[in-house]
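This report is a reading aid for someone who meets the structure for the first time. It goes from the overall build to a sheet, a core and a single residue.

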Amino acid sequence: MSAVHAPLTGGCLCGSVRYTIAFPPGRTYPPQRITCQCVQCRKHSGALTVHLLCLHPSQISWDTTTATTFQEFQSSPHCFRGFCTRCGSSMTWRKQQQQQQQPGGEPEGEEKEAMIDIFTGTLDAVDATLATPDEQLFCGNAVRGVTDCVAAGRKWVAMRGGEEWTGWD
Ligand SMILES: [Zn+2]
Ligand SMILES: [Zn+2]
């Protein structure tokens, strides 16, 4: 099984939490990239716009030789935001997988695209490809002339697939 793209590495500010992202066959490179300007992402990160890579959990290897200072905060009923308890770096966002049991027993729909988003800013190196979003979420919260200037990807007023954001006019 050969990787179709070299792994990406990253971690928190203090280095306690380190990870590697793999791109085995079947996982495309670049991964889906989004930006978000929702209030929760802003509060969690301290940034007006956050950039995220949408990944399958199996692509991420957490370095278990470093200190385990990774924790998650449950920011809404099914959503968890990961951060380093030592340095405070914002690192991940994920939605809890809805395990739906069929009456017969088998979990339904094997992997309901259980994705985990990693904050792009925690990568060791970021290039234009990784920084360019496919989709931009919560553009309705944009700050005119400042956070509405990334001219890439589909722009949504709020959630992905909702009302399209067409700017200020
Ligand atoms: Zn840290
Ligand atoms: Zn957000």
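The protein chain of this predicted model contains two helices and 11 strands. Read from the N terminus, the elements follow one another as β-β-β-α-β-β-β-β-β-β-α-β-β. The chain has 169 residues, of which 27% are buried. Among its contacts with a separation of 6 or more, 52% are between residues that lie 24 or more positions apart.

Three of the strands form an open sheet in the order β1-β2-β5, and their pairing is antiparallel. At the edges of this sheet are β1 (5-11) and β5 (60-62), each of which pairs on one side only. With direction ignored, neighbouring strands here are turned against each other by 20 degrees on average. In general, the strands of a sheet pair through backbone hydrogen bonds, and the pairing may be parallel or antiparallel. Between β2 and β5, which run antiparallel, there are three bridges, and Thr 20 has Ser 61 in β5 as its bridge partner.

The largest nonpolar core consists of 25 residues, and those with the most contacts inside it are Cys 36, Leu 52, Cys 84, Met 91 and Ile 118. The table below names the elements that give two or more residues to this core.

| Element | Residues |
|---|---|
| β2 | residues 18-23 |
| β3 | residues 32-36 |
| β4 | residues 50-55 |
| β7 | residues 79-84 |
| β8 | residues 90-95 |
| β9 | residues 116-119 |

The largest share of the core comes from β4, which gives four residues. Cys 84, one of the residues with the most contacts inside the core, touches Cys 12, Cys 14, Ser 16, Val 17, Thr 69, Phe 70, Ser 89 and Met 91 when residues up to four places away in sequence are not counted.

A single residue from one of the helices can be followed in the same way. Leu 130 has its place in helix α2, which covers residues 128-131. Is Leu 130 buried, exposed or partly exposed? Leu 130 counts as partly exposed because it has 17 C-beta neighbours inside 10 Å, whereas a buried residue would need 20 or more and an exposed one would have 12 or fewer. Leaving aside neighbours within four places in sequence, Leu 130 is in contact with Pro 30, Arg 33, Leu 53, Thr 120 and Leu 123. Leu 130 and Pro 31 are 99 residues apart in sequence, while the distance between them in space is 8.1 Å from C-alpha to C-alpha.

Notes: Residues are numbered from 1 along each chain as its sequence is written. Chains are lettered from A and ligands numbered from 1 in the order in which they are written. This is a predicted model: local features need pLDDT of at least 70, side-chain atom pairs count only at pLDDT 80 or more; totals for chains, interfaces and linings use all residues. Two residues are in contact if their C-beta atoms, placed from the backbone, lie within 7 Å. A nonpolar core is a set of buried Ala, Val, Leu, Ile, Met, Phe, Trp, Tyr and Cys residues joined through C-beta atoms within 7 Å. Two strands pair if DSSP finds at least two bridges between them. Axes are lines fitted to C-alpha atoms, for helices over the stretch in contact, and angles run from 0 to 180 degrees between N-to-C directions.
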